[in-house]
Amino acid sequence: MVSALSASAGHRLRDVLSLGDFELLAKRHLPAPLFGYIAGASETNASLRMNEAAFREISLTPRVLRNVSTRTTKTILFGEEWSAPFGIAPMGISALIAYRGDLVLAQAAQDAGIAMIMSGSSLIRLEEIIEAAPRSWFQAYLPGEPDRIDGLIDRVASAGYKTLVLTVDTAVLANRENNIRAGFSTPLRPSLRLAWQGMTHPAWTIGTFARTILNYGIPHFENSYATRGAPIIASNVMRDFGKKDHLSWDHFSRIRQRWTGNLVVKGILHPEDAAIAAERGADGIIVSNHGGRQLDGAIAPMKALPAIVDRVGSETVVMIDGGIRRGTDIAKALAIGAKFVFVGRPFLYAAAVGSNNGVAKAASILADELHRNMGLLGVTEIIELPSISIRV
């Protein structure tokens, strides 16, 4: 049965032409609560809409009659060469969306030569991911508790990760009323509604949920701290993520002192915060509003990017996520001064409907678009994109 479902997924992938096509397939494949969890944001979804709209407001001015036959999307980040200047953003509970989801994302990224950030809200042990995909990064949600900070950092370092991403825009839980409307909750609560969704989405129920329970039991949050976290159905699961509102720049300095690898801060939108991060030793910054999933109405990352690049672009590596769906979006972000971009939802949709092959296809589509757009813009290397004229 599982092989038959895989064959069906392979057939569906033949009709995928853009990242947006994966979302349409995932909407049919996933139970409504799970699709709603991925697709939704906080409150009115204002920031989610603004993230993509910000790219549409920017125009590119191409150059012509330049020999672009030797163009390449390869780029250098933190001393490593990557096949393209984009990677997979961290996304929680991926293994509930796609069978062994975190592993699928990591392995496909490794094979494609792109970066992948594993989420701290993941359901597969971080040690297993780094063993299968040694170039993976790890993203942490840390509370303002020194013992828990030290324990997780030591665990991540011992596993062999070279880049730690600290997400800093989750001081308090967002108002995810869209999740409630869709029927998704944390902890995950069995209900007649969920049972009906499982019955009407057999490909996910058999290929992801049943396989996971049969082979690994009830999923747990495996990487919140140094020890295993609560199962996704436990009543205490939210307490397991507590005290993030205590986290401060002093804790960041403690992390910087203890962590010897690359340290990236994700969730920066204000130039002053970017400057503080750089002064306190951040190797990189990801300009992000959490995909619109935290403060509704928060400025779109592309709107915040120019001021942050002006402030710290010469001191630290500035990256961005949020709303990137096309190769032209990548070109626009890099033209403004970002060195790298991350894409979230489309890759998780791709994993849900096509596993490794789906993620590989998504990466290929985005890389092909960027490669084509570079030719149309008249550039041959990624480092030339900041010279492109843009109009807002």
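A charge counts as sitting over a ring if NZ of Lys or CZ of Arg is within 6 Å of the ring centre and within 35 degrees of the ring normal. With that in hand, let us walk through this predicted model. Arg211 lies over the face of Tyr99, at 3.8 Å from the ring centre. A second arginine does something of the kind: Arg100 is placed over the face of Tyr216, at 3.9 Å from the ring centre.

From charges over rings we can move on to rings beside rings. The structure contains eight aromatic pairs. One of them joins Phe35 and Tyr349, which are stacked, with 5.6 Å centre to centre and 25° between the planes. This pair connects distant parts of the chain, since Phe35 belongs to helix α3 (residues 32–39) and Tyr349 to helix α16 (residues 345–377), 314 residues apart. Both Phe35 and Tyr349 are buried.

Now turn to Trp249 and Phe252. Their ring centres are 5.5 Å apart and their planes stand at 80°, so this pair is edge-to-face; the cut-off for that label is an angle over 60 degrees. Here the two partners share one element, helix α12 (residues 249–258), and sit three residues apart, about one turn of the helix. Are Trp249 and Phe252 buried or exposed? Trp249 has a relative accessible area of 26%, so it is partly exposed, whereas Phe252, at 2% relative accessibility, counts as buried. The aromatic residues also gather in a group: Phe78, Trp137, Phe340 and Phe342 make up one aromatic cluster.

Helix α12 comes up again when we look at open space in the model. The second largest pocket has a volume of about 510 Å³. It is lined by 30 residues, and those closest to its centre are Val168, Asp169, Thr170, Ala171 and Gly267. Which elements give two or more residues to this lining? They are β7 (163–167), α12 and β8 (262–268). Sorted by class, the pocket lining has 15 nonpolar, 10 polar and five charged residues.

Enclosed space is our next stop. There are two cavities of 30 Å³ or more, and the second largest has a volume of about 40 Å³. Its lining consists of Ala95, Leu96, Trp204, Thr208, Phe209, Thr212, Ile213 and Pro219. Helices α5 (94–97) and α11 (202–216) each supply at least two of these residues, and α11 gives the largest share, five residues. By class, the lining of the second largest cavity splits into six nonpolar, two polar and no charged residues.

Finally, a look at the backbone. Most residues other than glycine have a negative phi. Leu65 has a positive phi of about 55° although it is not a glycine. Where does Leu65 lie? Its place is the loop between β1 (59–61) and β2 (75–77). At 88% relative accessibility, Leu65 is over the 50% cut-off and therefore counts as exposed.

Ser355 also has a positive phi, near 50°, and it too is a residue other than glycine. Ser355 is found in helix α16, the helix that holds Tyr349 of the stacked pair. With 31% relative accessibility, Ser355 counts as partly exposed.

Technical notes:
Residues numbered from 1 in each chain as written. Predicted model: local features only at pLDDT ≥ 70, side-chain atom pairs only at ≥ 80, totals over all residues. Heavy atoms only, no water. Phe/Tyr/Trp six-rings, centres within 6.5 Å; stacked < 30°, edge-to-face > 60°. Helix = DSSP H or I, 4+ residues; strand = E, 2+ residues; numbered from the N terminus. Buried < 20%, exposed > 50% of the residue type's maximum accessible area, 1.4 Å probe, protein only. 1 Å grid on protein atoms, 1.4 Å probe; cavity = no way out; pocket = protein on both sides within 12 Å on 5 of 7 lines; lining within 4 Å. Points joined across faces, edges and corners; volume = space filled by probe spheres on them. Nonpolar A, V, L, I, M, F, W, Y, C, P; charged D, E, K, R; others polar.
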